[in-house]
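Welcome! Please take a look at the sequence and the structure below, and then work through the exercises at your own pace.

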Amino acid sequence: MVLVLVSLTIVTVDQTSQTHHLTAGAKSVADDVLSPLRSAVDDVLHPVGDLFAGAVHYGALQTENQKLQAEIGQLRQRQDEQPFDEEQLRELLALQNLPFVGDVPTVGAQTTAVDVSNFDADVTIDKGRDDGVAYGMPVVGAGGLVGQVVEADHRSSIVQLIVDGQSKIGVTLGVPAAASPTAVAQGQGQRSPLLAVFVAGSAGLRKGRLVYTDGLEGAAFPGGIPVGRVASWRTVAGGTQLNVSVTPAANLGQLRYLEVLQWEPTP
């Protein structure tokens with residue numbers, strides 16, 4: 001404080017008198033003395049000023065940061081969803097051309113629920129009686145037969161998959177059925193292949209051979225729909241018949257989109 005008062009006195013004398021040559025040296029001394037003081041004061045006050053400025057702008061910075069984080073999250077979500085969208089498109093395109101459907105009218109449906117256990121396998125679809133879906137109608141997907149409608153409400157239906165333990169399908173190991181051995185393919189649960197029983201021992205099997213619905217009179221499914229491919233076989237005790245393991249032709253792990261065939265068996 002003393003140094004400040006001395007400095008002010010020197011400045012006043014310098015401005016109001018003719019002693020400029022005397023005060024010049026004193027002013028220089030005062031500047032040399034006060035300069036460290038001013039520097040020290042600046043060092044103290046500048047951080048305080050920055051602190052207040054930061055406090056004033058903190059809310060705006062926080063809002064901007066939140067907006068940037070939201071935009072980053074949206075970009076990441078779009079990136080994650082891209083493979084899923086591409087897979088959906090592939091499934092839909094595959095359903096546009098199902099050669100085994102022929103002239104049978106179809107109802108496009110989307111799966112809304114999956115109920116799978118060790119032995120049972122059902123899915124719920126978003127189409128029902130109001131859309132032309134009825135009990136007993138076959139359901140297909142890309143690749144082949146998926147199952148059969150076992151319950152139809154007004155706006156939804158339950159489809160029993162071909163791997164369900166209660167599912168039984170008349171099949172043939174070639175087309176047409178009249179010239180190929182026939183059998184009954186039974187479901188054994190979601191994690192197991194179908195089991196075709198009552199196959200003649202002279203069927204001439206080979207691994208990978210397609211198995212189709214037989215379409216015989218009174219059959220639950222029209223003929224010629226791929227059911228699966230021969231995976232392996234073994235001779236039943238007695239040596240007159242074979243039991244054949246059949247891998248489903250349709251990908252039962254991806255059933256987002258399906259087609260219900262508006263077909264009813266001939267009495």
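**Exercise 1: The whole protein**

What percentage of the 267 residues in the protein do buried residues make up?

Solution. Keep in mind that this is a predicted model.
- Step 1: A residue is called buried when its relative accessible area is under 20%.
- Step 2: By that cut-off, 33% of the 267 residues are buried.
- Step 3: Turn to the surface: the accessible surface comes to about 16,200 Å². Carbon and sulfur atoms account for 55% of that area.

**Exercise 2: The order of the elements**

Work out how many helices and strands the protein has, and how they follow one another from the N terminus.

Solution.
- Step 1: Count the elements: there are two helices and twelve strands.
- Step 2: Walk along the chain from the N terminus: the order is α-α-β-β-β-β-β-β-β-β-β-β-β-β.
- Step 3: Look at the contacts between residues at least 6 apart in sequence: 58% of them join residues at least 24 apart.

**Exercise 3: Strand β5 and its partners**

Find the strands that pair with β5, and say how many bridges each pairing has.

Solution.
- Step 1: Locate β5 at residues 157-161. Four of its five residues are buried, so the strand is mostly covered by the under 20% cut-off.
- Step 2: Look for strand β2, residues 121-125, which runs antiparallel to β5 and is joined to it by four bridges. Here Ile 125 stands opposite Ser 157.
- Step 3: Now take strand β4, residues 144-152, which pairs with β5 in the antiparallel sense over five bridges. Gly 147 has Leu 161 of β5 as its bridge partner.
- Step 4: Check the link between β4 and β5: the two form a hairpin, with four residues between them.

**Exercise 4: Closing the barrel**

In which order do six strands close into a barrel?

Solution.
- Step 1: Follow the order β6-β7-β8-β11-β10-β9, with antiparallel pairing. On average, neighbouring strands of this sheet are turned by 40° against each other, direction ignored.
- Step 2: Zoom in on β7 (residues 182-186) and β8 (residues 194-200), an antiparallel pair with three bridges. Val 184 stands opposite Val 197 in β8.
- Step 3: Go on to β10 (residues 226-235) and β11 (residues 241-248). Seven bridges hold this antiparallel pairing, and Arg 234 faces Asn 243 in β11.
- Step 4: Finish with β9 (residues 210-213), which is joined to β10 by three bridges and runs antiparallel to it. Tyr 212 stands opposite Pro 226 in β10.

A reminder that may help here: strands of a sheet pair through backbone hydrogen bonds, either parallel or antiparallel.

**Exercise 5: Two residues of the barrel strands**

Is Asn 243 buried or exposed? Then do the same for Phe 198.

Solution.
- Step 1: Find Asn 243 in strand β11. Its relative accessibility is 14%, so Asn 243 counts as buried.
- Step 2: List what Asn 243 touches, leaving out residues up to four places away in sequence: Leu 195, Ala 196, Val 197, Phe 198, Ser 232, Trp 233, Arg 234 and Val 236.
- Step 3: Find Phe 198 in strand β8. At 52% relative accessibility, Phe 198 counts as exposed, because the cut-off for exposed is over 50%.
- Step 4: Look at the backbone of Phe 198: its phi is positive, about 65°, although the residue is not a glycine.

**Exercise 6: Neighbours from afar**

Which residues do Phe 221 and Pro 265 touch, leaving aside those up to four places away in sequence?

Solution.
- Step 1: Find Phe 221 in the loop between β9 and β10. Its relative accessible area is 6%, so Phe 221 is buried.
- Step 2: List the contacts of Phe 221: Pro 138, Leu 145, Gly 147, Gln 148, Lys 168, Ile 169, Thr 213, Gly 215 and Trp 263.
- Step 3: Compare sequence and space: Phe 221 and Glu 264 are 43 residues apart along the chain, while their C-alpha atoms are separated by 7.9 Å.
- Step 4: Move to Pro 265, in the segment after β12 (257-261). Pro 265 is partly exposed, with a relative accessible area of 37%, and is in contact with Ala 219 and Ala 220.
- Step 5: Add one more pair: Pro 265 and Pro 222 lie 43 residues apart in sequence and 7.5 Å apart in space, C-alpha to C-alpha.

Terms used
Residues numbered from 1 in each chain as written. Predicted model: local features only at pLDDT ≥ 70, side-chain atom pairs only at ≥ 80, totals over all residues. Heavy atoms only, no water. Pairing = 2+ DSSP bridges. Axes fitted to C-alpha atoms, helices over the stretch in contact; angles between N-to-C directions. Buried < 20%, exposed > 50% of the residue type's maximum accessible area, 1.4 Å probe, protein only. Contact = heavy atoms within 4.5 Å. Areas by Shrake-Rupley, 256 points an atom, 1.4 Å probe, with all protein chains shown as cover.
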